[in-house]
Amino acid sequence: MPITLKTHKMLWGRAANRCAICRIELVMDASETDDEAIVGEACHIVAQKEDGPRGQSPLTLEQRDKYANLILLCNIHHKQVDDQVQTYTVERLLALKVEHESWVKAALNFDVQKQRDDELYADYVEYWATAVQLDNWINWTSWLVSADRPSIRIDMREALDEIRPWILARVWPGRYKWLEAAFTNFRHVAQDLCNTFSEHAKKRTDDFWETEKFYEIDEWNPERYKRLADKFDEHVGLVEDLTLELTRAANYVCDMVRLELLPSFRLREGAILIHAGPYPDLTYKTFRVEYRDDERTDAPYPGLERFKAIRFSRDVYFGERTKET
């Protein structure tokens, strides 16, 4: 399993971004032409796999990626400790780690409170990312913006219902205001998406909620049918646009994590995308939606009523403009 965000913050923060052996700084400053450079690595004391350096151990595969089994080293010493396993035993590496972190606290004016705050933020971010299934986002949201009516898996609807009060109840350190505001923004969008979807939702199976076709009536009344059909289309468009907005809000949280907490957060995975269709030509399209320019404030989402009017100015929208807008 990959090293978690919290583990990363614990390891690099407590080591002050320095090699535990030579104590060289492992983050080289940016230049006028290039970004900062990372010249160190989170190294396993007991190898990730049993056939690796010091790999014979009762530690489980999950335990091998935890903070207790990691040490921060420069590239040179990483290779040395893995080549010279008789010299750099598990016991010696653990002792070097403890000695180095003690030196950091004593010699570098280490900000203990900031480190605690960073680890707490990292814990919150990890929980949120798992709860809303960031790694599966493009799949579960596709049900809300595809086919003839929005649907959502019951487990994901429950996840959105649970994450909103969870965000509200967090004890925030107050250190990273933009990150905290991005979480609040996500909560507000999730609230309005769930409420709007629920207005015309029914259980389709034990696995899904779906939008009811409430324009299907048991009488011959073309005028009423047309009125309800237009209302249905308007409702579907709003649910789809709120799903796009939730995707923007999720990308915004990730942006603020990179800005204030960890620059490398989800760089390998990239931006959160959304997949929609089929379109009249039977194709599907994938979109990258984000807040742009003056939308990137502490509260990009303006509330449901205002959003109904301004959603057509977003980078992507699915709902149809009406004469009122």
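Across the protein the pLDDT averages 91, with 95% of the residues scoring at least 70, and these values belong to a predicted model. One stretch departs from that level of confidence, since over residues 30-34 the pLDDT is below 50, and this stretch has two contacts in the model beyond near neighbours in sequence.

A convenient place to enter the structure is helix α9, which spans residues 222-260 and contains asparagine 251. With a relative accessible area of 2%, asparagine 251 falls under the 20% limit and therefore counts as buried. A polar atom of the asparagine 251 side chain lies 3.1 Å from the backbone oxygen of valine 289. Once residues up to four places away in sequence are set aside, asparagine 251 touches Arg258, Ala271, Ile272, Val289 and Glu290.

From here the description passes to the aromatic residues, for which the count comes to 15 aromatic pairs. In the pair formed by tyrosine 252 and tyrosine 291, the ring centres are 5.3 Å apart and the planes stand at 85°, so the arrangement is edge-to-face. Because tyrosine 252 belongs to helix α9 while tyrosine 291 lies in the loop between β9 (285-288) and α10 (304-310), the pair ties together parts that are 39 residues apart in sequence. Both partners are under the 20% limit and therefore count as buried: tyrosine 252 has a relative accessibility of 2%, and tyrosine 291 has a relative accessible area of 3%.

Elsewhere, one aromatic cluster is formed by Tyr121, Tyr124, Tyr127, Trp128, Trp137, Trp140, Trp166, Trp172, Tyr176, Phe183 and Phe186. Tyrosine 67, for its part, is met by charged side chains: the charged end of lysine 97 sits over the ring of tyrosine 67, 3.7 Å from its centre, and arginine 14 lies over the face of tyrosine 67, at 4.9 Å from the ring centre.

The last residue to consider is valine 81, which is placed in helix α2, residues 75-83. Valine 81 has a relative accessible area of 2% and is buried, and, leaving aside its neighbours within four places in sequence, valine 81 is in contact with Ile21, Arg54, Leu73, Tyr88 and Leu93. Set against these contacts is the separation between valine 81 and arginine 227, which are 146 residues apart in sequence and, from C-alpha to C-alpha, 73 Å apart in space.

How values were computed. Residues are numbered from 1 along each chain as its sequence is written. This is a predicted model: local features need pLDDT of at least 70, side-chain atom pairs count only at pLDDT 80 or more; totals for chains, interfaces and linings use all residues. Side-chain values use heavy atoms; hydrogens and water are left out. Helices (H or I, at least four residues) and strands (E, at least two) are DSSP runs, numbered from the N terminus. Buried means under 20% relative accessible area, exposed over 50%, partly exposed in between (1.4 Å probe, protein chains only). A polar contact is a pair of N or O atoms within 3.5 Å; within protein, one must be able to donate a hydrogen and the other to accept it, and residues adjacent in sequence count only if both atoms are side-chain atoms. Contact means heavy atoms within 4.5 Å. Rings of Phe, Tyr and Trp (its six-membered ring) pair if their centres lie within 6.5 Å; planes under 30 degrees apart count as stacked, over 60 as edge-to-face and the rest as tilted. A charge sits over a ring if NZ of Lys or CZ of Arg is within 6 Å of the ring centre and within 35 degrees of the ring normal. pLDDT is the predictor's confidence in each residue, from 0 to 100.
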